[in-house]
Amino acid sequence: MTESPSTGGLHKGVPDDPFTAVAENAHTAAQLDPSAEPVLSVDNLRMYFPVMSGGLVRRKIGDVQAVDGLSFEVPAGGSLGLVGESGCGKSTTGRLVSRLYKPTTGSMRFGDVDLAQLSEKEMKPLRREVQMIFQDPYSSLNPRHTVGQIVGTPLRVHKVVPKNKVLGRVQELLQVVGLNPEHYNRYPNEFSGGQRQRIGIARALALQPKLMVADEPVSALDVSIQAQVINLLQDIQRDFGVAFLFIAHDLAVVRHFCPEVAVMYLGKIVEIGDRNSIYDNAHHPYTQALLSAVPDIKQAATGGRRERIRLTGDVPSPINPPSGCRFRTRCPIAQEICAKHEPPLLQIGPRQKVACHFPGRINQPPDTPITARMLGVDHQGSPDPGSTPSEEITTIPGYADTWFDLDTRTFGRA
Ligand SMILES: Nc1ncnc2c1ncn2[C@@H]1O[C@H](COP(=O)(O)OP(=O)(O)OP(=O)(O)O)[C@@H](O)[C@H]1O
């Protein structure tokens, strides 16, 4: 199944891609290639940071469950967006995939290897393949190094080109990212914010990675500059076939750049799907709440306004997350079962999965939990001697050919 092109959905002459509407010179939105094989397949990934007691004898007294059982795929040459409020574990996920952190458990299959299992030494050659672009171009570039040193260092460390060819390659890379190749002798403070981000991109591109983890790559930049940098990332993706794990809190930027999106809450994916599934057909109340904060250009064009769903309270601590569904303490439709059982991340369409006991369109949740029978419990979440838990609840990193049908409440729809 292919999704309808985002910018093709014209409504009274207004594109339904808010980013293209605001940023006039932006390219058209990136499109999904449903036949692309995964370049990265993440399964049940966890990162727990130990919490230590104070005092002389420091003991472990708990864990920050920053990432708690993520499964997803990034298609080769494509982009998966990772969104969610601050503190939900997006950056930690990016750092795990780049192996700046070693995960507590889980796997990260990349080609023939599991990045999660590799030692630092074994990781070294693979660092070429997975590169990271950081949010803050001011702090991620060493101010005492020239642009030539910054972009040339990975070439020298990984011996990509002979020493006497490094400068030439640096100049090529500067040209690719739209900087003057003669400026290799300048220092980061001589460049604007957008130009510094281009330097960071040239450094990441130097090793011709298969995957780039971009952690809020444009959120420190003005909107007009954002469009230029996003255009550059799209050009790089097209010309070099690089895949992106694209982390951002700005849903309009993600909608534009990423044909597929995963929504995180407190260390877990609550909904994942292609662009249409997430932006036009979200079934999780958290996704709906996040989206309700974004101006809807289609509705604005007809004078309508999207109803704002206000979440009450703060994101709970990942040291002691709520029982059952982690979102339930802020969820407008939570019921008894939500405190007792964690909802499985269930595939409900060809490219859509949701983790909720009551998934539905906005203001149309089902009357009874869709998960009760498969979990072997009654509608309140108490054990139901009459039913047994389903063996069909499995979470794979990608999508299966069949899924759970919300209308008939049976597995096997295709
Ligand atoms: N090194 C660490 N040690 C302990 N806790 C950490 C560490 N790094 C992150 N955390 C905690 O893990 C949780 C997830 O943090 P993370 O930075 O991944 O979230 P995020 O969604 O990227 O947020 P933001 O957008 O603010 O960066 C937070 O509660 C954070 O305090």
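**Figure 1. An open sheet of 8 strands with mixed pairing.** In this predicted model, the strands follow one another in the order β6-β7-β8-β3-β9-β10-β12-β11. The edges are held by β6 (130–133) and β11 (346–349); each has a single partner strand, so one side of each is left without a neighbour in the sheet. From one strand to the next, the twist averages 20 degrees. At the β6 edge, 4 bridges join β6 to strand β7 (residues 211–215), and the two run parallel. Within this pairing, Gln131 has Met212 of β7 as its bridge partner. Helix α10 (residues 285–292) packs on the sheet and touches β3 (79–83), β9 (260–265) and β10 (268–274). The direction of α10 makes about 105 degrees with that of β9.

**Figure 2. An open sheet of 4 strands with antiparallel pairing.** The strand order is β2-β1-β4-β5. Because β2 and β5 (113–114) stand at the edges with a single partner strand each, one side of each is left without a neighbour in the sheet. Strand β4 (residues 105–110) pairs with β5 in the antiparallel sense over 2 bridges. Arg109 stands opposite Asp114, a residue of β5. Helix α2 lies across β1 (38–52), β2 and β4. Relative to β2, α2 runs at about 70 degrees.

**Figure 3. The shell of residues around the ligand.** The surrounding residues are Phe49, Val64, Ala66, Gly84, Ser86, Gly87, Cys88, Gly89, Lys90, Ser91, Thr92 and Pro318. Two elements, β2 (60–75) and α2 (90–97), each supply at least two residues of this shell. The largest share, 3 residues, comes from α2. Sorted by class, the shell has 5 nonpolar, 6 polar and 1 charged residues. Both β2 and α2 also appear in the preceding view, where α2 lies across β2 as well as β1 and β4.

**Figure 4. The crossing of helices α6 and α7.** The axes of α6 (residues 193–205) and α7 (residues 223–240) come within 10 Å and cross at roughly 15 degrees. As this angle is under 35 degrees, α6 is therefore roughly parallel to α7. The crossing of the two helices is right-handed. On the α6 side, the contact is made by Gly193, Gly194, Gln197, Arg198, Ile201 and Leu205. On the α7 side, the contributing residues are Ile225, Gln228, Val229, Leu232 and Ile236. The contact of α6 with α7 has 6 nonpolar, 4 polar and 1 charged residues by class.

**Figure 5. The crossing of helices α4 and α5.** Here the axes of α4 (residues 147–157) and α5 (residues 166–176) come within 9 Å and cross at roughly 120 degrees. The crossing in which α4 passes α5 is right-handed. Helix α4 brings Gly148, Val151, Gly152, Leu155 and Arg156 to the contact. These residues meet Val166, Leu167, Arg169, Val170, Leu173 and Leu174 in α5. By class, the residues of the contact of α4 with α5 divide into 7 nonpolar, 2 polar and 2 charged.

How values were computed. Residues numbered from 1 in each chain as written. Predicted model: local features only at pLDDT ≥ 70, side-chain atom pairs only at ≥ 80, totals over all residues. Near = placed C-beta within 6 Å. Nonpolar A, V, L, I, M, F, W, Y, C, P; charged D, E, K, R; others polar. Axes fitted to C-alpha atoms, helices over the stretch in contact; angles between N-to-C directions. Parallel < 35°, antiparallel > 145°, perpendicular 65-115°, else oblique. Left-handed = near helix turned anticlockwise from the far one by under 90°. Contact = placed C-beta atoms within 7 Å. Pairing = 2+ DSSP bridges.
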